[in-house]
Amino acid sequence: MLEALSEARAAAAEGEVPVGAVVVRGGRLLGRGRNRREGNGDPLAHAELEAIADASAKVDGWRFEGCAMYVTLEPCAMCAGALVNARFESLIFGALDPKAGFCGSLGDLVRDPRLNHRLDVTGGTLAEECGALLKTFFAQLR
């Protein structure tokens with residue numbers, strides 16, 4: 001999660017909403033990403049999708065079995081769907097997102113029993129640090 005926080009800080013320094021993500025398998029960091037929506041002009045440039053794209057070159061195929069996604073903010077529905085479809089084993093996130101989170105807050109796509117794949121989920125990891133980055137960022141905008 002410390003690596004994801006580093007990515008979130010880099011996003012904030014670039015004027016992006018400070019969310020960072022990393023992909024890990026067996027203790028090895030495979031990919032990293034941060035929000036780049038503003039800089040890229042791309043609504044799909046979420047930290048999780050950036051980390052998946054970065055890791056894709058290092059995994060055999062499109063399945064991320066045995067991989068964990070660490071992300072500083074609870075993933076939205078789009079990113080939760082990507083995690084399910086990419087067959088991630090687990091998700092570890094920091095701060096809850098009561099307005100857009102879809103891994104327990106608004107819904108729980110990653111553990112929906114109707115889907116053919118589900119993830120192990122751990123929320124609240126370094127939640128204070130992750131949440132503080134977001135609060136500071138949005139306070140500075142106001």
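Buried means under 20% relative accessible area, exposed over 50% and partly exposed in between, with a 1.4 Å probe and protein chains only. The model shown in these views is predicted, so that local features need pLDDT of at least 70 and side-chain atom pairs count only at pLDDT 80 or more, while totals for chains, interfaces and linings use all residues. Residues are numbered from 1 along each chain as its sequence is written, and side-chain values use heavy atoms, with hydrogens and water left out.

**View 1. Arg34 is a buried residue of strand β2.**
Strand β2 covers residues 28-34; strands (E, at least two residues) and helices (H or I, at least four) are DSSP runs numbered from the N terminus. The relative accessibility of Arg34 is 13%, and Arg34 therefore counts as buried. Its side chain is joined to that of Glu14 by a polar contact of 3.0 Å, a term for a pair of N or O atoms within 3.5 Å of which, within protein, one must be able to donate a hydrogen and the other to accept it, residues adjacent in sequence counting only if both atoms are side-chain atoms. When residues up to four places away in sequence are not counted, Arg34 touches Glu7, Ala10, Ala11, Glu14, Val19, Gly20, Ala45, His46, Ala47 and Glu50, where contact means heavy atoms within 4.5 Å.

**View 2. Strands β1 and β2 form a hairpin with 2 residues between them.**
The two strands β1 and β2 run antiparallel and are joined by 6 bridges; two strands are said to pair if DSSP finds at least two bridges between them. Within this pairing, Val24 has Leu29 of β2 as its bridge partner. The turn of the hairpin contains Gly26, whose phi is positive at about 55°.

**View 3. An open sheet is formed by 5 strands, with helix α3 packed on it.**
Along the sheet the strands follow the order β2-β1-β3-β4-β5, and their pairing is mixed. Because β2 and β5 (120-122) stand at the edges and have a single partner strand each, one side of each is left without a neighbour in the sheet. On average, and with direction ignored, neighbouring strands of this sheet are turned by 15° against each other. Helix α3, which spans residues 47-56, packs on the sheet and touches β1 (20-25), β2 and β3 (67-73), and its direction makes about 140° with that of β2. For such angles, axes are lines fitted to C-alpha atoms, for helices over the stretch in contact, and the angles run from 0 to 180 degrees between N-to-C directions.

**View 4. Ser90 lies in strand β4 and stands opposite Asp120 in β5.**
Strand β4, made of residues 90-95, pairs with β5 in the parallel sense over 3 bridges. Ser90 has a relative accessibility of 15% and therefore counts as buried. With its neighbours within four places in sequence left aside, Ser90 is in contact with Cys67, Ala68, Met69, Leu119 and Asp120.

**View 5. Cys79 is one of the buried residues of helix α4.**
Cys79 belongs to helix α4, which runs over residues 77-85, and has a relative accessible area of 0%. The buried residues of this helix are Cys79, Ala80, Gly81, Leu83 and Val84, and they pack against α3, β3 and β4. Apart from its neighbours within four places in sequence, Cys79 is in contact with His46, Glu48 and Leu49. Between Cys79 and Leu109, which are 30 residues apart in sequence, the C-alpha to C-alpha distance is 9.8 Å.

**View 6. Two loop residues, Arg87 and Leu126, have a positive phi although neither is a glycine.**
Arg87 comes just after α4 and takes a phi of about 65°; its place is in the loop between α4 and β4. Leu126 is in the loop between β5 and α5, and its phi is about 50°. With a relative accessible area of 30%, Leu126 is partly exposed.

**View 7. Helices α1 and α5 meet through residues of both helices.**
The axes of helix α1 (residues 2-13) and helix α5 (residues 127-141) come within 11 Å and cross at roughly 5°. The two helices α1 and α5 are therefore roughly parallel to each other, given that angles under 35 degrees count as roughly parallel, those over 145 as roughly antiparallel, 65 to 115 as roughly perpendicular and the rest as oblique. On the α1 side, Leu5, Ala8, Arg9 and Ala12 take part, and they meet Glu129, Cys130, Leu133 and Phe137 of α5.
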